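Reader: I have a model open at the bench. Please take me closely through one small sheet, then place it in the whole chain.

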Amino acid sequence: MNLKFIAAGVLALTIGANAQNLNGAGATFPYPIYSKWFSEYKQANPSVQINYQSIGSGGGIQQVTSGTVDFGAADVTMTDDQIAKAKVKVMAIPTVLGAVVPVYNVPGVNKDLNFSGDVIADIYLGKISKWNDGRIAKDNPGVSLPDKPILPVYRSEGSGTSFIFTDFLSKVNADFKSQVGAGAAVKWPTGIGQKGNEGVAGMVRQSPYSFGYVELIYAEQNKMSFGSVKNAGGKYVKASTAGVTAAAAAAAKSMPADYRVSITNAAGPDSYPISSFTWLLIPTHSTDAAKTKALVGFLNWMLDHGEAEAASLSYAPLPKQVQDMVRKTIATIK
């Protein structure tokens with residue numbers, strides 16, 4: 001008999017016997033990088049298959065805390081109330097950082113537009129309803145803006161991207177804070193809802209004179225126009241990994257042990273103001289030791305290999321100080 005075929009058969013049986021399927025669900029914000037990571041991890045570790053449903057942060061939190069998936073993902077930190085009521089207790093592990101960008105479809109305007117947070121907030125409050133409004137024009141001298149109504153587009157489901165966006169707007173516009181507030185699911189005064197970053201991007205692409213918000217990679221992959229945003233230092237900054245890294249610099253030095261931190265409207269001349277960490281939600285006490293071992297293996301691979309790939313998909317890697325903290329946290333998962 002051919003010993004190579006026997007060895008291959010034994011290897012296949014061994015992999016099959018020890019194979020682990022990990023099922024996760026949650027945020028669409030990090031889906032492009034997670035999809036890449038999970039595929040690469042499978043190639044390096046054939047016995048582990050990681051399946052992920054991109055359903056939004058709200059769904060991810062609900063599913064992991066009710067025990068229907070092995071891990072969740074969110075761009076919004078869980079509230080004290082959510083943590084207290086969770087059937088399954090989880091720990092949040094930051095993975096990468098990203099940017100939410102204002103996207104628009106204005107026929108005839110080929111220049112990058114500038115937006116202050118105050119103006120963006122008033123678009124969603126319905127106070128600014130035309131593209132040629134004087135406040136938009138003031139931020140964009142020399143640009144010929146059309147006398148057309150703005151169609152605001154927002155996320156229809158519980159969304160970490162919405163939380164990041166509304167968290168920023170609530171910090172810079174008092175009316176938005178009082179009337180809408182920061183949240184994964186809020187009551188929008190005007191506009192049309194779409195599901196997922198994919199849905200918002202698709203609606204803005206096909207709807208002339210529309211305005212929306214998506215994670216940076218979705219704007220880039222769909223070749224969409226996206227604006228620069230006025231930061232806390234008064235500078236208009238276009239989203240980039242460098243701008244996100246600058247926004248995270250202060251938080252990295254004083255990161256809380258549970259990693260619950262907001263970096264929207266961060267100080268610093270180069271900080272991009274709608275930036276955020278994104279988190280995997282890992283059960284703290286699993287009854288399946290093999291799945292826990294597989295999750296820990298992936299998380300360590302993420303730090304050792306995955307972080308270096310973040311910038312290629314327009315995410316920022318975790319700062320070194322945070323990576324060191326995360327490594328210690330992973331060591332406590334049992």
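Author: Here is the sheet, followed by the chain around it. The model is predicted: local features need pLDDT of at least 70, side-chain atom pairs count only at pLDDT 80 or more, and totals for chains, interfaces and linings use all residues. Residues are numbered from 1 along each chain as its sequence is written, and side-chain values use heavy atoms, with hydrogens and water left out.

The sheet is open and has 3 strands. Their order is β5-β10-β11, with mixed pairing. Strands here are DSSP runs of E, at least two residues, and helices are runs of H or I, at least four residues, numbered from the N terminus. Two strands pair if DSSP finds at least two bridges between them. β5 (114-115) and β11 (236-237) are the edge strands, and each pairs on one side only. Strand β10 covers residues 228-230. β10 and β11 run antiparallel, joined by 2 bridges. K230 has Y236 in β11 as its bridge partner.

Now the chain. It holds 13 helices and 13 strands. Its radius of gyration is 21 Å, close to the 20 Å that the globule rule gives for 334 residues, so the chain is as compact as a globular protein of that length. That radius is taken over C-alpha atoms, and the rule is 2.2 Å times the number of residues to the power 0.38. The C-alpha trace spans about 80 × 45 × 35 Å along its principal axes. Of the 334 residues, 51% are buried, meaning under 20% relative accessible area (1.4 Å probe, protein chains only).

Methods:
Buried means under 20% relative accessible area, exposed over 50%, partly exposed in between (1.4 Å probe, protein chains only).
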